[in-house]
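Hi,

Here is the structure I promised to pass on. Have a look at it first, and then read my notes below.

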Amino acid sequence: MSEGRLTLQDRRRIATGLAEGRSYAEIARRLDRPTSTISREIGRNGGPSDYRPERAHQAAARRARRGTPARSAEPQDRKVFEVEEGAVEMAVGMGLPKMMARVLIGLWLSEDGRLTAAELSRGLKVSPASISMAVGYLTQQGLIRRERDPQRRRDIYVVDDDAWYHSTVISARQTLAAAEITKAAGQTLGLDTPVGRRLARGGAFLERISLDALASAERWRDLLP
């Protein structure tokens, strides 16, 4: 669908979606348009942080009068946009906060999985403070790691083949700790009481699941694609 078919009302709805923090895919569904149409529209009109519907509409009208349609994104660019938006949406659906999801997927889709905070800030068009909060969370969860560049005195954030292993181990250990606390609470309240039995049973289940996850992570850590 061409840019000329976007109405001013469509563009205002795009701006509203961006203000609400919605993904390109969500906005596209609401307008019944391809995600690639929305990503091109936003990308050529200031990006998500500077998109203005009236200005975008005027620019489209000028191009139409000149008879010079806007250059379409390359097929590979469209694929990257669609993969990125789909991956971010999936990560958010799994419970990852939106900004953390954008930073994680940005790293996963970067050429070598290594970006500085400044590069992330420029690429995602968000403030350094937002990047700082996101990388802190992702590092704590084991999804990325921090490396120090001693020559330029800056941090580099890295996602590599061990990211899923470390994240799984951290999550499983957290679950195991919760299991131990739950089992202890059940013992304290007494296994002869309904609450004590419920807690003990729940703790035993969590313990078994977390131990299985730790063993599985070790077993498959070096799995080749």
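**What I found**

Let's start with a hairpin: strand E2 (residues 145–149) and strand E3 (residues 154–158) pair in the antiparallel sense, over five bridges. Strands (E, at least two residues) and helices (H or I, at least four) are DSSP runs, numbered from the N terminus, and two strands pair if DSSP finds at least two bridges between them. Asp 149 has Arg 154 in E3 as its bridge partner. Four residues sit between the strands of this hairpin, and Arg 153 takes a positive phi near 50° there.

Before going on, a word on what you're looking at. This is a predicted model, in which local features need pLDDT of at least 70 and side-chain atom pairs count only at pLDDT 80 or more, while totals for chains, interfaces and linings use all residues. Residues are numbered from 1 along each chain as its sequence is written, and side-chain values use heavy atoms, with hydrogens and water left out.

**The sheet**

The hairpin belongs to an open sheet of three strands in the order E1-E3-E2, with antiparallel pairing. Strand E1 (114–116) and E2 are the edge strands, each pairing on one side only. On average, neighbouring strands of this sheet are turned by 35° against each other, direction ignored. (Axes are lines fitted to C-alpha atoms, for helices over the stretch in contact, and angles run from 0 to 180 degrees between N-to-C directions.) E1 and E3 pair over three bridges, and Arg 114 has Val 158 in E3 as its bridge partner.

Helix H7 lies across E1 and E3, running at about 90° to E1. Ser 121 lies in this helix, which covers residues 117–124. Ser 121 is buried, at a relative accessible area of 12%; buried means under 20%, exposed over 50% and partly exposed in between, with a 1.4 Å probe and protein chains only. Its side chain reaches the backbone oxygen of Val 126 at 2.5 Å. Leaving aside neighbours within four places in sequence, Ser 121 is in contact (heavy atoms within 4.5 Å) with Val 126, Ser 127, Pro 128 and Ile 131.

**Elsewhere in the chain**

Ala 28, in helix H2 (residues 24–31), is buried too, with a relative accessible area of 1%. Not counting residues up to four places away in sequence, Ala 28 touches Arg 33, Pro 34, Thr 35 and Ile 38. In the loop between helix H3 (35–43) and helix H4 (53–66) you'll find Asn 45, which counts as buried at 7% relative accessibility. The side chain of Asn 45 reaches the backbone oxygen of Glu 41 at 2.8 Å.

Then there's helix H10 (residues 194–220): at 1.5 Å a residue, its 27 residues should span 39 Å, and its end C-alpha atoms are 39 Å apart, which agrees. (The expected span is 1.5 Å times one less than the number of residues.) Buried residues in H10 include Gly 196, Ala 200 and Leu 214, and what covers the buried residues of H10 includes helix H9 (163–189).

**How far to trust it**

The mean pLDDT (the predictor's confidence in each residue, from 0 to 100) of the protein chain is 86, and 90% of its residues reach 70 or more. Among the elements, helix H5 (residues 75–93) has the lowest mean, 77, and H10 the highest, 96. Over residues 68–73 the pLDDT is below 50, and this stretch has nine contacts in the model beyond near neighbours in sequence. Where pLDDT is low, the predicted coordinates should not be read in detail.

Cheers

How values were computed
A polar contact is a pair of N or O atoms within 3.5 Å; within protein, one must be able to donate a hydrogen and the other to accept it, and residues adjacent in sequence count only if both atoms are side-chain atoms.
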